[in-house]
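Please open the model in a viewer and keep the sequence panel at hand. The tour below proposes a series of selections and states what is to be found at each.

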Amino acid sequence: MTTALTPPTAAAATTTDEWALKELQREHGPALHSFLLGLTGGDRQRAEDLVQETLVRAWLHPEAFDSPYESMRPWLFTVARRLAIDARRSRLSRPTEIGDELLAVTADPADATESAVAALDVRAAVRGLRPEHRAVLVRLYFHGLTVNEAAADLGIPAGTVKSRSHYALRQLGHRLPGYRPRRRGPVARSSAAAPQ
């Protein structure tokens, strides 16, 4: 089985004449570019790409020049509009790309370095607390005891456990970078406790 090669003259007849294409671009190019700028939200690069793609379609379809219309502009604008719609649909169907800048500052969830460093910082800060404050925090936060259980274990009143944990957390807030205990809102004072 042999295949015949297409002679150059036959290939030239299936595409638009180069002179006609240049004339088409000169006459309709600026209006087409303005039209596509509106469809692309002002993105000049995308509009220029779509103008070129529209002209490629005109080059591939010389039969469009034989249309009953006086001007090629309606055909060009229809092709350009369809190309713009297809390009937009294609962009929207792809997942959003993440730039290298975001990846560079995002911690890898599989990397335990961040949590290990944080754990070392917390341990060092807890070791720097006064022994009575450290004992309360260890029981409440590391052993998971309630205030009453910690009070019974330490042999001190529950109010003292609350007070020591409050001051211990404040001290940790000063020692740990980026850590601040949550604020619960204004504390109501009785008139007897108000400063004079």
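**The largest nonpolar core**

Begin by selecting Leu24, Leu32, Leu36 and Leu76: of the 17 residues in the largest nonpolar core, these touch the most other members. Helix H2 (18-39), H3 and helix H4 (73-93) are the elements that give two or more residues to this core. Apart from it lies another core, of eight residues, including Ala125, Leu129, Leu137 and Leu172. In soluble globular proteins, nonpolar side chains tend to be buried together. The model under inspection is a predicted one.

Next, centre the view on leucine 36. Beyond its neighbours within four places in sequence, leucine 36 is in contact with Ala47, Leu50, Val51, Ala80 and Ala84.

**The whole chain**

Switch to a cartoon representation of the entire chain. Nine helices and zero strands are present, and the pattern along the sequence reads α-α-α-α-α-α-α-α-α. The chain has 196 residues, of which 22% count as buried. Among contacts with a separation of 6 or more, 55% join residues 24 or more positions apart. If a surface is displayed, its accessible area comes to about 15000 Å², with 55% belonging to carbon and sulfur atoms.

**Along helix H3**

Select threonine 54, which lies in helix H3. Is threonine 54 buried or exposed? Threonine 54 is buried, because its relative accessible area is 0%, and the limit for that class is under 20%. A polar atom of the side chain of threonine 54 lies 2.7 Å from the backbone oxygen of leucine 50. With neighbours within four places in sequence left aside, the contacts of threonine 54 are Leu32, Leu76, Val79, Ala80 and Leu83. Leu32 and Leu76 were also among the core residues selected at the start.

Proceed to leucine 60, also in helix H3 (residues 44-60). Leucine 60 is partly exposed, at a relative accessible area of 41%. Add Val56 and Trp59 to the selection: together with Leu60 they make a nonpolar surface patch of about 250 Å².

**Salt bridges**

How many salt bridges does the structure hold? There are six salt bridges, and three of them may be visited here, as follows.

- Select lysine 22 and glutamate 18, whose closest N and O atoms are 3.6 Å apart. The two residues are separated by about one helical turn, because they stand four residues apart in helix H2. Lysine 22 is exposed, with a relative accessible area of 53%, and glutamate 18 is exposed at 55%.
- Select aspartate 43 and arginine 46, whose side chains meet at 3.4 Å, N to O. Aspartate 43 is partly exposed at 28% relative accessibility, and arginine 46 is partly exposed at 27%.
- Select glutamate 132 and arginine 130, where the N to O distance is 2.5 Å. Glutamate 132 is partly exposed, with a relative accessible area of 27%, whereas arginine 130 counts as exposed at 51%.

**Histidine 133**

For the final stop, select histidine 133 in helix H7 (residues 131-142). Histidine 133 counts as buried, at 11% relative accessibility. Which residues does histidine 133 contact, leaving aside its neighbours within four places in sequence? Display Arg164, Tyr167 and Ala168, which are the contacts of histidine 133 on that basis.

Terms used
Residues numbered from 1 in each chain as written. Predicted model: local features only at pLDDT ≥ 70, side-chain atom pairs only at ≥ 80, totals over all residues. Heavy atoms only, no water. Patch = residues over 30% accessible without salt bridge, like charges linked within 9 Å, V, L, I, M, F, W, Y side chains within 5 Å. Areas by Shrake-Rupley, 256 points an atom, 1.4 Å probe, with all protein chains shown as cover. Salt bridge = Lys/Arg side-chain N within 4 Å of Asp/Glu carboxyl O. Buried < 20%, exposed > 50% of the residue type's maximum accessible area, 1.4 Å probe, protein only. Core = buried A, V, L, I, M, F, W, Y, C linked by side-chain atoms within 4.5 Å. Contact = heavy atoms within 4.5 Å. Polar contact = N/O pair within 3.5 Å; in protein donor to acceptor, adjacent residues only side chain to side chain.
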